[in-house]
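Dear colleague,

Please find below the structure that I am handing over to you. My account of what was found in it follows directly after.

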Amino acid sequence: MEDSIFAQFARGELRPDKVRFENDEMLAFDDINPAAPVHILIIPKEPIASVAELTEAQAGIVSRMVYRAKLLAEELGIAESGYRVSFNVGKDGGQIVPYLHLHLMGGSHSWRDRQ
Ligand code: 5GP
């Protein structure tokens, strides 16, 4: 698997500017170039390149990342107005960073048409 800045975040070699959540298995932090008023990325600490590379044994972490997105949305006050949870997969899916990451985006209506 190709190295990336997110892999460095996951290994603790670099620290994202704004960490929103961390435990033994995942890290959540603000996107450096937000596409919405709230734009958080959640990555697993176990290296996984993308949804396309996911094994059945790794599927549990993905459901817990989605659950964490729901909790963060509640904490940040965007749960009632709604939000997007998404994974970009591969070149045609718009994935630029080759390390599994969940996008949590919300906070207004105006950004959606740009995605
Ligand atoms: P992708 O297109 O791969 O699904 O999304 C990658 C996301 O990572 C983009 O929204 C981009 O702004 C964000 N990003 C890229 N490099 C960094 C970084 O060094 N720090 C943070 N916090 N976000 C990054």
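**Findings: ligand, pocket and selected residues**

In this structure, an oxygen atom of the ligand is placed 2.9 Å from a polar backbone atom of Val97. Please bear in mind throughout that the model is predicted.

Two further polar approaches to the ligand may be set beside that one. A nitrogen atom of the ligand lies 2.9 Å from a polar backbone atom of Asp30. An oxygen atom of the ligand is found 2.8 Å from a polar atom in the side chain of His103. The ligand is surrounded by 17 residues, and the closest of them are Asp31, Asn88, Gly94, Ile96 and His101.

I turn next to the largest pocket. Its space amounts to about 480 Å³. The lining consists of 21 residues, and those nearest the centre are Phe6, Asp31, Ile32, Asn33 and Leu41. By character, the lining comprises nine nonpolar, seven polar and five charged residues. At least two lining residues come from each of helix H1 (5–11), strand E2 (26–30) and strand E3 (38–44). Helix H1 provides the largest share, namely three residues.

Asp30, whose backbone approaches the ligand, belongs to strand E2. The residue counts as partly exposed because its relative accessibility is 27%, which falls between the limits of 20% and 50%. Its side chain makes a polar contact of 2.7 Å with the side chain of Arg20. Beyond the neighbours within four places in sequence, Asp30 is in contact with Lys18, Arg20, His39 and Ile40. The C-alpha atom of Asp30 is separated by 10 Å from that of Met105, although the two residues are 75 residues apart along the chain.

His39, one of the contacts of Asp30, is situated in strand E3. With a relative accessible area of 7%, His39 is buried, because the value is under 20%. The side chains of His39 and His103 are joined by a polar contact of 2.8 Å; His103 is also the residue with a polar side-chain atom 2.8 Å from a ligand oxygen. When residues up to four places away in sequence are not counted, His39 touches Phe29, Asp30, Asp31, Asn33, Pro34, His103, Leu104 and Met105.

Pro34, which is among the residues touched by His39, is located in the loop between E2 and E3. A relative accessibility of 47% makes Pro34 partly exposed, because this lies between 20% and 50%. Measuring from C-alpha to C-alpha, Pro34 and Met105 are 8.6 Å apart in space, with their positions 71 residues apart in sequence.Finally, Ser86 is placed in strand E4 (residues 83–86). Is Ser86 buried or exposed? Its relative accessibility is 18%, so Ser86 counts as buried, the limit being under 20%. Apart from neighbours within four places in sequence, the contacts of Ser86 are His101, Leu102, His103 and Met105. Of these, His101 is also one of the residues closest to the ligand, and His103 has the polar contact with His39 described above.

With kind regards

Conventions. Residues numbered from 1 in each chain as written. Predicted model: local features only at pLDDT ≥ 70, side-chain atom pairs only at ≥ 80, totals over all residues. Heavy atoms only, no water. 1 Å grid on protein atoms, 1.4 Å probe; cavity = no way out; pocket = protein on both sides within 12 Å on 5 of 7 lines; lining within 4 Å. Points joined across faces, edges and corners; volume = space filled by probe spheres on them. Helix = DSSP H or I, 4+ residues; strand = E, 2+ residues; numbered from the N terminus. Nonpolar A, V, L, I, M, F, W, Y, C, P; charged D, E, K, R; others polar. Buried < 20%, exposed > 50% of the residue type's maximum accessible area, 1.4 Å probe, protein only. Contact = heavy atoms within 4.5 Å. Near = heavy atom within 4 Å. Polar contact = N/O pair within 3.5 Å; in protein donor to acceptor, adjacent residues only side chain to side chain.
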